[in-house]
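User: Please work through this model with me by question and answer. I would like each reply to reason briefly and to close on the value or name requested.

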Amino acid sequence: MDIHRYERLWLAGALVLIVLFIGTITYGAVVVGVEMVSASGGTIAPDEIPNDDRFSDPRPRVEQVGENEYEAYVIARQFLFQPRQLRVPEGSTVTFYVTSPDVLHGFEVVGTNANMMVIPGQVTKATVEFEEAGSYGVVCNEYCGAGHHTMEGSIEVVPQSEWEGGN
Amino acid sequence: MSSESATPDSGTGEEAMVREIGHDEFDPIGTLTLIGLYFALLVVLWLFMYFVEFLGNGPTVVG
């Protein structure tokens with residue numbers, strides 16, 4: 001089959017584009033370490049949340065689990081996040097465990113790629129690195145009822161020099 | 001709908017062929033340029049979207 005030379009050119013170009021697209025995604029996954037929010041958080045019966053150590057003892061919280069490593073346990077419910085505010089030091093790696101006792105919610109760190117769906121019966125687990133100090137807003141981005149628009153929280157990333165280790 | 005008096009080929013251009021060219025002589029340089037521009041645009045926008053808008057928009061989920 002005789003293919004015109006220009007057509008060869010743009011066929012080759014299209015293939016190069018596909019390779020470029022896959023290449024950048026691969027770069028993100030391998031070099032930068034971008035991951036998807038997976039189901040690795042496991043499941044939890046919504047009425048068992050009050051009896052679950054992670055979410056009830058003493059209350060949803062941030063826990064230090066290693067040098068610069070923290071775990072945050074958050075309950076997203078109509079129409080608030082518990083706790084409403086999380087405090088972590090600058091440069092920390094935070095693993096979020098978020099669950100819902102009622103309906104579908106979202107947990108989005110505003111203006112960033114940290115964005116999770118919170119599903120009743122499921123613990124959403126995602127790890128995020130906070131390199132820069134500052135106040136990050138958190139909003140629910142799944143319509144969850146009449147008070148949805150008031151459902152917000154915050155993550156205070158405190159400079160290392162001001163961090164006293166508490167919450 | 002045309003009137004009986006009109007010649008069948010009037011206005012169709014079928015009689016207007018000036019010359020016949022071979023496969024390799026066909027040179028749609030304008031189409032090539034346009035597609036080239038589309039490709040360049042796609043590449044630039046993709047790089048911008050991925051590296052600037054996505055990767056530059058940290059914190060990102062890493063685990």
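User: In β9(A), which residue is the bridge partner of A:Val109?
Analyst: In this predicted model, strand β6 of chain A comprises residues 105-109. β6(A) is joined to β9(A) by two bridges, and the two strands run antiparallel. The partner of A:Val109 in β9(A) is A:Val138.

User: How many of the five residues of strand β6 of chain A are buried?
Analyst: A residue is buried if 20 or more other C-beta atoms lie within 10 Å of its own. By this criterion β6(A) is mostly covered, and its buried residues number four.

User: Which residue in the hairpin of β6(A) and β7(A) takes a positive phi?
Analyst: β6(A) and β7(A) run antiparallel and are joined by four bridges, and A:Glu108 has A:Asn115 as its bridge partner in β7(A). Five residues lie between the strands of this hairpin. The residue with a positive phi, near 75 degrees, is A:Gly111.

User: Which strands of chain A stand at the edges of the open sheet, and why is one side of each left without a neighbour?
Analyst: Five strands of chain A form the open sheet, with mixed pairing, in the order β4-β10-β9-β6-β7. Each edge strand has a single partner strand, so one of its sides has no neighbour in the sheet. Direction ignored, neighbouring strands are turned by 20 degrees against each other on average. The edge strands are β4 (85-89) and β7 (115-118).

User: Which residue in β10(A) does A:Gly137 stand opposite?
Analyst: Strand β9 (residues 134-139) and strand β10 (residues 152-158) of chain A pair in the antiparallel sense over six bridges. Opposite A:Gly137 in β10(A) stands A:Ser154.

User: What is the C-alpha to C-alpha distance between A:Val158 and A:Val88?
Analyst: A:Val158 is found in strand β10 of chain A and touches residues including A:Arg87, A:Pro89 and A:Trp163. With 17 other C-beta atoms within 10 Å, A:Val158 is partly exposed. Although A:Val158 and A:Val88 are 70 residues apart in sequence, their C-alpha atoms are separated by 6.2 Å.

User: Is A:Asn68 buried or partly exposed?
Analyst: A:Asn68 lies in the loop between β1 (62-66) and β2 (69-77) of chain A. Most residues other than glycine have a negative phi. A:Asn68, however, has a positive phi of about 65 degrees although it is not a glycine. Because 16 C-beta neighbours lie inside 10 Å, A:Asn68 counts as partly exposed.

User: What is omega for the cis peptide bond that joins A:Gln82 and A:Pro83?
Analyst: A:Pro83 lies in the loop between β3 (80-82) and β4 of chain A. The cis bond from A:Gln82 to A:Pro83 has an omega of about 0 degrees.

User: How far apart are the end C-alpha atoms of helix α1 of chain B?
Analyst: Chain B has one helix and zero strands, and the count of buried residues in α1(B) is zero. At 1.5 Å a residue, the 26 residues of this helix (residues 29-54) should span 38 Å. The model agrees with that expectation, as the end C-alpha atoms are separated by 36 Å.

User: How many residues are charged on the side of chain B that touches chain A?
Analyst: Contact between the chains involves 19 residues of chain B and 26 residues of chain A. The chain B side divides into 14 nonpolar and five polar residues, and the number of charged residues is zero: there are no charged ones.

Technical notes: Residues are numbered from 1 along each chain as its sequence is written. Chains are lettered from A and ligands numbered from 1 in the order in which they are written. This is a predicted model: local features need pLDDT of at least 70, side-chain atom pairs count only at pLDDT 80 or more; totals for chains, interfaces and linings use all residues. Two residues are in contact if their C-beta atoms, placed from the backbone, lie within 7 Å. Ala, Val, Leu, Ile, Met, Phe, Trp, Tyr, Cys and Pro count as nonpolar, Asp, Glu, Lys and Arg as charged, and the others, Gly among them, as polar. Two strands pair if DSSP finds at least two bridges between them. Axes are lines fitted to C-alpha atoms, for helices over the stretch in contact, and angles run from 0 to 180 degrees between N-to-C directions. The expected span of a helix is 1.5 Å times one less than its number of residues. A residue is buried if 20 or more other C-beta atoms lie within 10 Å of its own, exposed if 12 or fewer, and partly exposed in between; C-beta atoms are placed from the backbone. Lists of a residue's contacts leave out its neighbours within four places in sequence.
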